[in-house]
Amino acid sequence: MQSWSSAPVPTLPGRGPELRLYDTADRQVRPVAPGTTATMYVCGITPYDATHLGHAATYLAFDLIHRLWLDLGHDVHYVQNVTDVDDPLFERADRDGIDWRALSEQEVELFRADMAALRVLPPHDYVAATEAVAEMVELIEKLLASGAAYVVDDEYPDVYYRADATAQFGYESGYNRDTMLDLFEQRGGDPRRSGKSDELDALLWRAQRPGEPSWPSPLGPGRPGWHVECAAIALSRLGSGLDVQGGGSDLIFPHHEFTAAHAECATGERRFARHYVHAGMIGWDGHKMSKSRGNLVLVSGLRTQGVEPSAVRLGLLAEHYRADRFWSQQVLDEAVDRLQRWRTATALPAGPDAVDVIARLRRYLADDLDTPKAIAALDGWTIDALEYGGHDESAPRAVGTAIDALLGVDL
């Protein structure tokens with residue numbers, strides 16, 4: 001699948017500190033230590049509706065990681081999937097009387113346009129689940145052969161993964177069994193499916209039902225489960241031991257827990273990713289922004305209204321990426337005002353010295369993507385530039401270039 005176009009990323013002189021990120025599994029901020037090539041897998045959209053600000057906030061967080069790695073001199077192998085095999089997509093297509101493939105193509109194209117507008121750097125591999133079914137089948141067969149998976153013996157011989165197939169299952173989320181069961185049911189699991197060995201066992205292959213899309217396979221006609229999609233795509237493109245697995249905090253369990261478990265069971269590795277990184281949720285009107293609530297603020301809608309994508313980006317970066325937070329007109333207005341001040345200051349013929357503010361920008365972002373402190377440092381430089389001026393003719397341009405390279409904001 002084709003990715004989207006990339007805005008050029010300027011190269012800055014010097015080098016910042018090494019990146020440190022909060023790891024969900026270890027419950028602490030610790031160093032990220034990639035090799036020459038940093039590897040990252042971030043879960044993509046299920047393309048049944050337009051990109052909302054919750055999506056945008058998640059992909060902006062991982063875009064900052066991407067940019068900081070580039071600034072540190074790493075090559076970056078970034079993989080993102082598209083879950084174009086899932087019940088919500090089929091249900092929306094059926095409701096709207098459109099072929100599910102056409103709906104998927106339509107929404108993926110809109111997502112690409114939104115990401116390009118927000119200047120999110122594209123993944124190296126952008127992979128639709130439908131492009132990788134053979135890889136998923138191969139992984140499922142391996143899990144079956146090892147005894148980590150089994151076939152439910154009834155009218156529909158679905159294949160399930162044993163939640164206890166690895167001794168470390170549950171380490172990523174740290175949740176107890178009751179919490180797991182609750183979230184499993186809320187987020188696409190089927191704890192009440194008859195014939196399962198354990199309520200938490202996760203679907204690997206859904207045998208064909210009447211009227212549902214299916215693919216031929218040695219497992220019988222059917223389609224893959226959600227978690228095995230990401231495990232197979234990540235393993236085939238990046239291998240085990242990737243540097244970062246990421247997504248929104250609502251993916252911690254069951255999706256990321258089972259994705260890691262599938263991969264660990266297949267490879268024998270103790271840990272799928274060195275860092276599990278999760279972004280907070282975006283709310284509107286006192287509630288989490290979600291399709292089910294119908295309270296989405298769409299990136300494309302804001303763009304249609306004439307809102308500059310750089311202002312949307314700044315508004316979403318104003319608070320810490322791990323925080324659950326609310327979008328509002330006030331957040332947008334403050335971002336629009338800040339964008340204008342930064343533009344005015346970086347267009348001055350001269351300004352205060354830029355070395356310290358750029359060093360602080362790098363330092364704050366390297367400390368678990370502390371965008372509030374980074375933005376405050378830039379606001380301070382901007383106030384000094386606008387109120388007191390300066391004698392360094394290179395400073396405004398240098399600050400503008402750093403904002404572009406590290407925050408991805410186009411001035």
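# A buried leucine and the chain around it

L369 is buried, with a relative accessible area of 0%, where buried means under 20% relative accessible area, exposed means over 50%, and partly exposed covers what lies in between, all for a 1.4 Å probe and with protein chains only. L369 is found in the loop between α11 (355-366) and α12 (371-388), and it has a positive phi of about 55° although it is not a glycine. Most residues other than glycine have a negative phi, and most peptide bonds are trans.

This is a predicted model, in which local features need pLDDT of at least 70 and side-chain atom pairs count only at pLDDT 80 or more, while totals for chains, interfaces and linings use all residues. Residues are numbered from 1 along each chain as its sequence is written, and side-chain values use heavy atoms, with hydrogens and water left out.

## The chain as a whole

The secondary structure of the chain consists of 13 helices and 14 strands; here helices (H or I, at least four residues) and strands (E, at least two) are DSSP runs, numbered from the N terminus. The chain has a radius of gyration of 22 Å, close to the 22 Å that the globule rule gives for 411 residues, so it is as compact as a globular protein of that length. That radius is taken over C-alpha atoms, and the globule rule is 2.2 Å times the number of residues to the power 0.38.

Along the principal axes, the C-alpha atoms fill a box of roughly 80 × 45 × 35 Å. Of the 411 residues in the chain, 57% are buried. Among contacts (heavy atoms within 4.5 Å) between residues at least 6 apart in sequence, 79% join residues at least 24 apart.

## Strands and their partners

Strands of a sheet pair through backbone hydrogen bonds, either parallel or antiparallel. In this report two strands pair if DSSP finds at least two bridges between them.

How many of the residues of strand β10 (residues 242-248) are buried? Seven of the seven are buried, so strand β10 is largely enclosed by the rest of the structure. Strand β3 (residues 37-42) pairs with β10 in the parallel sense over three bridges, and the bridge partner of V42 in β10 is G246. Strand β11 (residues 273-279) also pairs with β10 in the parallel sense, over six bridges, with Q245 standing opposite Y276 in β11.

Another parallel pair is formed by strand β4 (residues 75-82) and β5, which four bridges join, and here Q80 stands opposite Y126 in β5. In a regular strand the side chains alternate between the two faces of the sheet. In strand β5 (residues 125-128), D125 and V127 point one way while Y126 and A128 point the other way, and all are buried.

An open sheet of three strands follows the order β13-β12-β14, with mixed pairing. At its edges stand β13 (287-288) and β14 (325-326), each with a single partner strand, so one side of each is left without a neighbour in the sheet. Strand β12 (residues 282-284) and β13 run antiparallel and are joined by two bridges, and W284 stands opposite H287 in β13.

## Three residues in helices

The table sets three helix residues side by side.

| Residue | Helix | Relative accessible area |
|---|---|---|
| T58 | α1 (residues 53-71) | 8%, buried |
| E107 | α3 (residues 100-117) | 8%, buried |
| W226 | α6 (residues 226-237) | 25%, partly exposed |

If neighbours within four places in sequence are left aside, T58 is in contact with G247, G248 and A279. Under the condition that leaves out neighbours within four places, E107 is in contact with I45, P47, Y48, D49 and A50. The C-alpha atoms of E107 and Y48 are separated by 6.4 Å, although these residues are 59 residues apart along the chain.

W226, with neighbours within four places in sequence again left aside, is in contact with T83, R187, L251 and H255. The C-alpha atoms of W226 and P254, 28 residues apart along the chain, are separated by 10.0 Å.

## Backbone details

P254 is found in helix α7 (residues 252-267), and a cis peptide bond, with omega of about 5°, joins F253 and P254. R27 lies in the loop between β1 (20-23) and β2 (28-31), and its phi is near 60°, a positive value in a residue other than glycine. Is R27 buried or partly exposed? R27 is partly exposed, with a relative accessible area of 39%.
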